[in-house]
Amino acid sequence: MIFKTVILGEPVGEGRPRAVRMGPRVRVHAAPKSAMWRAVAAQQMAAEWGDRPPWPALCGVSVFAYMPRPKSRPKDVSKEAWKLGSAVSRAQKPDIDNIAKAVLDAIVQAGIIADDTQVVGLVVFRLMCGTDRDATPRVEVRVSSREPQKHESPDTESIWANEAP
């Protein structure tokens, strides 16, 4: 079983919770920008998922986050890669782990999986948009079934080769 979706718009990482003192009590709430992105993403995924029950077993999740392309070439991107206009990996905000948290929380909120403890494999890429078909900032999400397996050590080379865009 496989579920695929594309969430259009700039990827947003899960922000740090904020605490506000209200007299003797402290109220904690999510960062507004990440809460808004998560709600929109969950709504879209829930509409695509329909009225199916939550995923029944263990699963793996692949996330490809395409960040907006800057107007001028960043120093860490080669001139050749910039001229080609293809999607390029580079270090930038938001942190990749916060993108993964936001996507997993949206998947749970959408009712696709009951809890993110069902996710036993996670592959996340953060790329800068290209100039052709990759020009739109977005998050591509793929959820697939994973059977429990005994592993000596993961074969990371095959994981990277099979999941790259």
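This dialogue reads a helix pair, a pocket and a loop residue in a predicted model.

User: How is the packing of two helices described, and at what angle do helix 1 and helix 3 cross?

Analyst: Two packed helices are described by the angle between their axes together with the distance between those axes. Here, helix 1 (residues 32-49) and helix 3 (residues 96-109) have axes that come within 8 Å and cross at roughly 45 degrees. Helix 1 is therefore oblique to helix 3. The crossing of helix 1 past helix 3 is right-handed.

User: Which residues make the contact between helix 1 and helix 3?

Analyst: Helix 1 contributes Trp 37, Arg 38, Ala 39, Ala 41, Ala 42 and Met 45, while helix 3 contributes Ala 102, Val 103, Asp 105, Ala 106, Ile 107 and Gln 109. By class, this contact has 9 nonpolar, 1 polar and 2 charged residues.

User: How is empty space found, and which residues lie nearest the centre of the second largest pocket?

Analyst: A probe the size of a water molecule, rolled over the atoms, shows where empty space is left. In this model, the second largest pocket holds about 200 Å³ of space. Its lining comprises 13 residues, with Gly 13, Lys 93, Pro 94, Asp 95 and Asn 98 nearest the centre. The lining of this pocket has 6 charged, 4 nonpolar and 3 polar residues.

User: Where is Pro 137 placed, and with which residues is Pro 137 in contact beyond its neighbours in sequence?

Analyst: Pro 137 lies in the loop between strand 6 (119-128) and strand 7 (138-145). Apart from neighbours within four places in sequence, Pro 137 is in contact with Leu 8, Gly 9, Glu 10, Tyr 66, Pro 68 and Cys 129. Pro 137 and Gly 9 are 128 residues apart in sequence, yet 5.2 Å apart in space, C-alpha to C-alpha.

Technical notes
Residues numbered from 1 in each chain as written. Predicted model: local features only at pLDDT ≥ 70, side-chain atom pairs only at ≥ 80, totals over all residues. Heavy atoms only, no water. Axes fitted to C-alpha atoms, helices over the stretch in contact; angles between N-to-C directions. Helix = DSSP H or I, 4+ residues; strand = E, 2+ residues; numbered from the N terminus. Parallel < 35°, antiparallel > 145°, perpendicular 65-115°, else oblique. Left-handed = near helix turned anticlockwise from the far one by under 90°. Contact = heavy atoms within 4.5 Å. Nonpolar A, V, L, I, M, F, W, Y, C, P; charged D, E, K, R; others polar. 1 Å grid on protein atoms, 1.4 Å probe; cavity = no way out; pocket = protein on both sides within 12 Å on 5 of 7 lines; lining within 4 Å. Points joined across faces, edges and corners; volume = space filled by probe spheres on them.
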